[in-house]
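This report goes through a few features of one protein model, with the structure beside the text. Keep the viewer open while reading.

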Amino acid sequence: MGYYTHFSGSISIVPPIDDAKMKPFDTDHDSYFRIEQKPGDQTVQMVNGQITVVGNNPGETIVHFGYDDSIKGYDFQDHVARLLAFVAAEGSVANGQFYADGEETDDNWRIVVENNAYGEERGEILFPSDVRSHKADAWWAAHQTMCSMDPCPTHKNPYE
Ligand SMILES: [Zn+2]
């Protein structure tokens, strides 16, 4: 019993934070995430006969949602908040998104992470024909402010 949500998505942490420190945030430790390390690399060039570093990509730690199945996850936001507080304390910066798809048809939301801050956003289902009909109505309303003909042989509603 309970309400299940399917989560997905990931955030990227730069510069990366090593596995030992990230351990408490993975699924083995009762957290919701799976940690992936992407190593950085350096670009070197010969400059005046010397091998010189001209590019330094620090790599990143990627935090994925850690389960394939739907979970209850009522405290998902708390896990994200704890993770982001830790990332900030380490002097790194996190960006990305986690998506949530709940059991109810219209229960779609996401957590948007921007520079260690996060916000929650609810999604809405938009059917293309409804959007088109709404735009067509708006076009006619705007048209009536400048032209009295309805139907109008001169101006064509681009949404009809
Ligand atoms: Zn007109």
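Strand 4 and strand 5 form a hairpin, joined through five residues. The model is predicted, and each feature below was computed from it. The two strands of the hairpin run antiparallel, with six bridges between them. Within this pair, glycine 96 faces valine 113 of strand 5.

Strand 4, residues 93–102, is also paired with strand 1. Ten bridges link strand 4 and strand 1, and the direction is again antiparallel. Valine 14 has valine 93 in strand 4 as its bridge partner. In a regular strand, side chains point alternately to the two faces of the sheet.

What kind of peptide bond joins valine 14 and proline 15? The bond is cis, with omega at about -10 degrees. Proline 15 itself belongs to the loop between strand 1 (5–14) and helix 1 (19–22).

Two asparagines have a positive phi although neither is a glycine. The table lists their phi values and their positions.

| Residue | Phi | Loop |
|---|---|---|
| Asparagine 48 | about 50 degrees | between strand 2 (33–47) and strand 3 (50–65) |
| Asparagine 116 | near 75 degrees | between strand 5 (108–114) and strand 6 (117–122) |

Are these residues buried or exposed? Asparagine 48 has 5 other C-beta atoms within 10 Å. A residue counts as exposed if that number is 12 or fewer, so asparagine 48 is exposed. Asparagine 116 has 18 other C-beta atoms within 10 Å. A residue is buried from 20 or more, and asparagine 116 is therefore partly exposed.

The protein is divided into domain 1 (5–122) and domain 2 (128–160). How many Å separate the centres of domain 1 and domain 2? Taken over C-alpha atoms, the separation is 46 Å.

Helix 3 covers residues 128–144. None of its 17 residues is buried, so helix 3 lies largely in the open. The length of helix 3 can also be checked. At 1.5 Å a residue, its 17 residues should span 24 Å. The expected span uses one less than the number of residues. In the model, the end C-alpha atoms of helix 3 are 25 Å apart, which agrees with the expected span.

How values were computed: Residues are numbered from 1 along each chain as its sequence is written. This is a predicted model: local features need pLDDT of at least 70, side-chain atom pairs count only at pLDDT 80 or more; totals for chains, interfaces and linings use all residues. Helices (H or I, at least four residues) and strands (E, at least two) are DSSP runs, numbered from the N terminus. Domain bounds come from an automatic or database domain assignment. Two strands pair if DSSP finds at least two bridges between them.
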